[in-house]
Amino acid sequence: MANRPGFFSRIMQALTGGAGAPAPSDEELRALFAARSQAFMRLLEANNKALEIMSDLEEALKGGAIFGMSFVRASATAVGVNVFKLVRALTELEPGRYETLFSRLSAIQAGIDEILNRRAEHRDAPFVLHFSEIDRHKADLTGGKMANLADMRTALGLPVPAGFVVTAAGYEAFMAAGDLQAEINARLQSLPEDAAPGSNEGASDAVAARYRVSSEIQQRIMAAPVPEELADAIEDAYARLCADAGRERVLVSLRSSALGEDAAGTTFAGQFKSLLNVPRERLLDAYREIVASKHTLHAMTYRLNRGIRDEDVAMCVGCMELVDARAGGVMYSRNPLDARDVAVFINSVWGLPTAVVDGTTPTDLFVVERAPGHAGGFTLRQRAIKQKFERTVPDEGEGLRRETLEPELAAEPSLSDAQALELAALAQRLELAYGGPQDIEWAVDRQGRVFLLQCRPLQLVTPASGEAPTGRAVEGARELFAGGTTACAGVGAGPVFVARKEIDALRFPDGGVLVAPMALPRWASLLSRASALVTEQGGITGHLANVAREFNVPALFDVPDAAARFAEGETVTVDALGRRVYADRVEELLAHAPKHAPVMAGSPVHECLREVTRLILPLNLTDPEGENFRPEACATYHDITRYAHEMSVRDMFDFGSRSRLASQASKQLVCKVPMQWWVVNLDDGFSRPVPERFVNLYDIASPPMLAIWEGICAVPWAGPPPASNTGMMNIFLQATMNPELAEGAAGGFGERNVFMISRRYACLNSRFGFHFTTIESMLTEGDFDSYAGFKFSGGAADEKRRVLRAELIGEVLERYDFQTKLRGDNLFAKAESRRHAFILDRLRILGYLLVHTRQVDMAMADRGAADALRDKMLADIAAMLATPFIGPVANGGGAQ
């Protein structure tokens, strides 16, 4: 077989009139035709797979489902591989004729690779920078969080502890050592994407896979050595921090400052680790631990949900002198639940602010109003003091510990009124300096001095007009709870899911109401799939509340005994703004629930997909008879598939006449159906040699083709269903805008319906009205399943009507055991079985649908019209299947 390509090339040279080439024998021509038939089948398989992946990409572009860079890369690779297979098969059909397509394929692939591999680099930048060397303009090197803090200290003169930053250049040096980044990329690429909404099993599998890979990556990072040059830079910076403080030893806090963290629209709140009370001996281990926290389960899930590319998040790390805090907390320079309320909201606890951030303890609330007429410009509007039982303090060795509060402090305010006013004044300065509302972490030391520890943009909620009525119970609804604190306004309903341990995340159902004892940041990874959030404790300034507002998930905090109050699996409705929980679904409230914007739209991953698909999806080669329909004009993968498919069908159609092998020439089917039907015999699809130009049904020996044909003829087509004026106008408008849709338009084989057959195989490429259809089937023996495949697209109505038509066909096919995939107005369906009779009946159904879905999109005014047509089709199909299939032996020239 080694000389086979030369053998085929010699025959093709003879067929095209090559000088000195002897005429091939009929036996050689039949061998060549058989090989071409196999290449054509491979081409069709690759073409169908490529188009299916393109439909997935079109659906992803809508931004309604969550996907990551692994989906973008895997899809771009998969479609590229299938287009390569398609081109290779086309060149096997006609050696030497289509080689130009390989150069076009390579150029398109190079463009896609350039987009996917694009990333910022930080060559020649220092590994470490001190706060005195940083301002807000160095965010690309130090991360926004530390750039802001350093700017607050150096440019604004605000009370911020001294510190330094391990930069993005330092991070890249660490990741490059031992090729750590390449290993992590490979692990991330192996992750499955989340299942589609509603498929909880798939979503749970995806979470479990991320959990496993997360653990593996973190362990790998913690075991990796810190390069000597980077380790020296960190230790030198620490020594300088000690010298500036006038002490030999300084305890420090290490905080993440990833690139993109705290950017507008993305909080990353609580997703990365902060370590407090770190001694000199633990500096490098603590650095690795912060870097490893980039790959915790909740951090990886957050990036996926927000459409943030893993490679865009370089983990810078800030190192600051630790504040010996008497009290600490978080303040918002405005009300996060109402952008019109300009008061400053301060949550406070005894000890370090960690408990406020993590939502693990009751917090005091101070609300300070701006009052120009008062001294200092502020006045205290509200003071809500909670019963507190413990505080977080530095451990004597390292790390943190909880200690019980002195009884006299439990009910005392953790801030004085004067300190609350001082904090409010600092919040106002920061809002003015950074041009918008701010989320600020702070601490007060033992001497009563205020320090600012973090500052980032604050997510605000603007009340929408027409919100659901609040402040009163809904009449007729069964109220389960009233009270609590609104952390994010809105209404949501679903089954209760109580989460206590991190592993519970693996069981969380899509659309569930997440109920937790504490508002821990770890639950943020579930919010993109949650309909509402309820916790027993936690403040509106905590990390989980921030992420809930970012994802617009209704959140109600401070609900006593929530984990025991609501039964697991019970359907409830949470009215977070009205501060009530009801049994079952309360449609009066849910009708006012805001529609969520596409979750991925505008994200970095979505923008990358948009760029990549500009080289994949657009179809520029629309007219097969146009002068631009040539390989050199292919600018996208879609162009290549369109060109290759058109030319392959044309080459197969013409081969018999070109080769003077009459038995293999395309034959026109003799039939009473008023359309042109052509048959190309790939191998043994005819029961006898057919030298004539025409072929009769009784000459067909292909059960798959005959089954399709029986479905086509089973019920006479009565013409298009009645259409409304709007439906007709849609047809006229679309046909006017796209001349290629006009019936009878010149288009090579656009006006022909072509069967490619053998005894066990049939492939029908059909343009029926405005619709483009492919039906393919193979009957196999032994342990392999036979199949019937279906691809349906096109139509001249508007998108809504085309989608309704595709949904209608999908519903009919699902009734008969087809697996269907709907992508916009494109439908892919497949049925598999070892029973030939089962597959042949499914082909009869496809033949019926080919005829009876013609122009139905004109009548798709609404769901009711689609349901009526579906019921009629199901009745027709049931009547057709009541009569057994007539095979080729008994056909005898039957109905034509």
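In which sense do strand 18 and strand 19 pair, and over how many bridges? In this predicted model, strand 18 (residues 532-537) and strand 19 (residues 555-557) pair in the parallel sense, and two bridges link them. The legends below take this pair as their starting point.

**View 1. Strand 18 and strand 19 belong to an open sheet of eight strands.** The order of the strands is 14-21-20-16-17-18-19-15, and the pairing is mixed. Strand 14 (479-482) and strand 15 (485-488) form the edges, each pairing on one side only. From one strand to the next, the twist averages 30°. Within the parallel pair, Leu 533 has Ala 555 of strand 19 as its bridge partner. Helix 16 (residues 543-550) lies across strand 15, strand 18 and strand 19, and runs at about 55° to strand 15.

**View 2. Thr 361 lies in the loop between helix 13 (354-358) and strand 8 (364-370).** Is Thr 361 buried or exposed? Its relative accessible area is 6%, which is under 20%, and therefore Thr 361 is classed as buried. Leaving aside residues up to four places away in sequence, Thr 361 touches Val 349, Ala 355 and Gln 537.

**View 3. Strand 12 (residues 438-445) is mostly covered, with eight of its eight residues buried.** Gln 438, Ile 440, Trp 442 and Val 444 point one way from the strand, while Asp 439, Glu 441, Ala 443 and Asp 445 point the other way; all are buried. Strand 6 (residues 325-332) runs antiparallel to strand 12 and is joined to it by seven bridges. In this pairing, Tyr 332 has Asp 439 of strand 12 as its bridge partner.

**View 4. Strand 12 and strand 13 (residues 450-457) pair in the antiparallel sense over seven bridges.** Gln 438 stands opposite Pro 457 of strand 13. The two strands form a hairpin, with four residues between them. In the turn, Gly 448 has a positive phi of about 85°.

**View 5. Five strands make up an open sheet with antiparallel pairing.** The strand order is 1-2-5-3-4. Strand 1 (128-130) and strand 4 (274-278) are the edge strands, each of which pairs on one side only. Neighbouring strands are turned by 20° against each other on average, direction ignored. Strand 3 and strand 5 run antiparallel and are joined by five bridges. The bridge partner of Val 252 in strand 5 is Glu 321. Helix 10 (residues 228-245) lies across strand 1, strand 2 (163-166), strand 3 and strand 5, running at about 170° to strand 2.

**View 6. The largest cavity has a volume of about 70 Å³.** How many cavities of 30 Å³ or more does a search of the whole structure find? The search finds four. The lining of the largest cavity consists of Pro 161, Ser 253, Arg 255, Leu 276, Met 320, Glu 321, Leu 322, Val 323, Leu 352, Pro 353 and Leu 453. By class, eight of the lining residues are nonpolar, one is polar and two are charged. Strand 3 (252-256) and strand 5 (317-321) each supply at least two residues of this lining. Glu 321, listed in the lining, is also the bridge partner of Val 252 in the five-stranded sheet of View 5.

Terms used. Residues are numbered from 1 along each chain as its sequence is written. This is a predicted model: local features need pLDDT of at least 70, side-chain atom pairs count only at pLDDT 80 or more; totals for chains, interfaces and linings use all residues. Side-chain values use heavy atoms; hydrogens and water are left out. Two strands pair if DSSP finds at least two bridges between them. Axes are lines fitted to C-alpha atoms, for helices over the stretch in contact, and angles run from 0 to 180 degrees between N-to-C directions. Contact means heavy atoms within 4.5 Å. On a 1 Å grid over the protein atoms alone, a cavity is a set of points where a 1.4 Å probe fits but cannot get out, and a pocket is an open set with protein on both sides within 12 Å along at least five of seven lines; lining residues have an atom within 4 Å of a point. Grid points are joined across faces, edges and corners, and a volume is the space filled by probe spheres set on the points. Ala, Val, Leu, Ile, Met, Phe, Trp, Tyr, Cys and Pro count as nonpolar, Asp, Glu, Lys and Arg as charged, and the others, Gly among them, as polar. Buried means under 20% relative accessible area, exposed over 50%, partly exposed in between (1.4 Å probe, protein chains only).
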